[in-house]
Amino acid sequence: MTDTTRLGDRVAIVTGAASGIGRATAQRLAADGARVACLDRAPGVAETAAGIVAGGGTAIALEADVTDQASTEAAVARAEAELGGPAQVLVNVAGVLRFAHAHEMSVADWDLMVDVNLKGPWLMARAVIPSMLEHGGAIVNVASSAGMFGQAYNAGYCASKGGVVLLTKALAWEYVNRGIRCNAIAPGGVETPMIEAIDFPADMDWTLIGKNTAPGNRMLDPSQPAALIAFLVSDEADGITGTVVPIDLGITC
Ligand SMILES: NC(=O)c1ccc[n+]([C@@H]2O[C@H](COP(=O)([O-])OP(=O)(O)OC[C@H]3O[C@@H](n4cnc5c(N)ncnc54)[C@H](O)[C@@H]3O)[C@@H](O)[C@H]2O)c1
């Protein structure tokens with residue numbers, strides 16, 4: 001259930017908002033009353049913002065690269081100036097996934113995953129925390145079930161998402177007395193372009209992959225993690241910080 005007063009007109013920044021979970025999160029936070037800065041390096045982010053505005057919400061599109069410090073700082077400054085308030089919500093959704101045998105994965109793919117999935121959330125947090133120290137705030141990072149257990153052919157992604165789990169806890173504890181909450185969600189399979197584009201190694205052992213997926217290969221809709229995120233950034237979750245909430249149809253239970 002959406003509630004247009006739930007987020008009280010706060011400025012929210014959502015990365016990865018051109019697609020999948022990020023787009024669904026931007027739409028959900030707007031439906032819950034936030035003024036949303038939809039950030040992505042892909043131009044499709046304009047479509048996300050336009051759709052929100054067409055539906056009566058408030059949103060702007062920001063083309064930015066979460067791996068680049070200057071780009072993240074400029075994006076946060078634009079979000080605050082154009083939406084007319086301090087950023088009080090940050091949702092780090094942008095991510096990339098490349099499967100390969102660990103001994104064959106290119107250094108470029110490793111660096112890309114660690115940069116986008118792990119350094120990106122830290123750079124974004126670094127850019128919003130000064131505002132949040134003055135006005136309060138909530139951060140949610142999108143980790144993964146791949147950050148909770150080891151997955152074959154996925155070493156770089158697992159390492160980056162495991163890092164997101166501990167980044168989340170470190171930020172939560174450091175700012176616990178300073179008005180900033182930080183949580184993560186750990187989705188299992190969600191039906192998005194990322195999953196449709198998975199390219200497994202040709203000679204992989206499929207028996208190692210079973211534990212990654214829910215029985216019957218059931219997948220979540222992006223609106224489901226978006227709803228969990230909307231709860232975690234809301235005042236209803238005021239007592240929750242430093243947690244990693246699985247949303248994975250039980251694969252980590
Ligand atoms: N889909 C799943 O099953 C699943 C499961 C667990 C976790 N996740 C995580 O959820 C998040 C969203 O994934 P999705 O499935 O919606 O994927 P997606 O590919 O649909 O969306 C990812 C978005 O991130 C953006 N992005 C990539 N690099 C960027 C950069 N440097 N700067 C700014 N934006 C950048 C892309 O342009 C894209 O719009 C990711 O962090 C992913 O790892 C997804």
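Of the 30 residues around the ligand, which come nearest? In this predicted model, they are S19, D40, Y157, V190 and T192.

**The ligand site**

By class, the shell around the ligand comprises 17 nonpolar residues, nine polar residues and four charged residues. Three polar contacts to oxygen atoms of the ligand are set out below. Two of the entries involve the backbone, at V93 and at G188, whereas the entry for T192 involves its side chain.

| Residue | Protein atom | Distance to a ligand oxygen atom |
|---|---|---|
| V93 | backbone N or O | 2.8 Å |
| G188 | polar backbone atom | 3.3 Å |
| T192 | polar side-chain atom | 2.5 Å |

The ligand taken alone exposes 830 Å², and the protein buries 93% of that area. Elements giving two or more residues to the shell are α1 (20-31), α5 (155-174) and α6 (193-196). Of the elements, α6 gives the most to this shell, namely three residues. T192, whose side chain supplies the contact at 2.5 Å, is also among the residues that come nearest to the ligand.

**The second largest pocket**

The second largest pocket holds about 210 Å³ of space. Its lining is made up of 16 residues, and those nearest the centre of the pocket are G137, A138, G179, R181 and D238. Two strands, β5 (137-142) and β6 (180-187), are the elements that give two or more residues to this lining. Sorted by class, the lining has seven polar, five nonpolar and four charged residues.

**Salt bridges**

Side chains of opposite charge can pair when their charged atoms come close. The structure contains nine salt bridges. One of them joins the side chains of D9 and R35, with an N to O distance of 3.5 Å. Because D9 belongs to the segment before β1 (11-15) and R35 to strand β2 (residues 35-40), this pair ties together parts that lie 26 residues apart in sequence.

**Summary**

In the predicted model, the protein buries 93% of the area that the ligand exposes when taken alone. The second largest pocket is lined by 16 residues, and the salt bridges of the structure number nine.

Definitions and conventions:
Residues numbered from 1 in each chain as written. Predicted model: local features only at pLDDT ≥ 70, side-chain atom pairs only at ≥ 80, totals over all residues. Heavy atoms only, no water. Near = heavy atom within 4 Å. Polar contact = N/O pair within 3.5 Å; in protein donor to acceptor, adjacent residues only side chain to side chain. Areas by Shrake-Rupley, 256 points an atom, 1.4 Å probe, with all protein chains shown as cover. Helix = DSSP H or I, 4+ residues; strand = E, 2+ residues; numbered from the N terminus. Nonpolar A, V, L, I, M, F, W, Y, C, P; charged D, E, K, R; others polar. 1 Å grid on protein atoms, 1.4 Å probe; cavity = no way out; pocket = protein on both sides within 12 Å on 5 of 7 lines; lining within 4 Å. Points joined across faces, edges and corners; volume = space filled by probe spheres on them. Salt bridge = Lys/Arg side-chain N within 4 Å of Asp/Glu carboxyl O.
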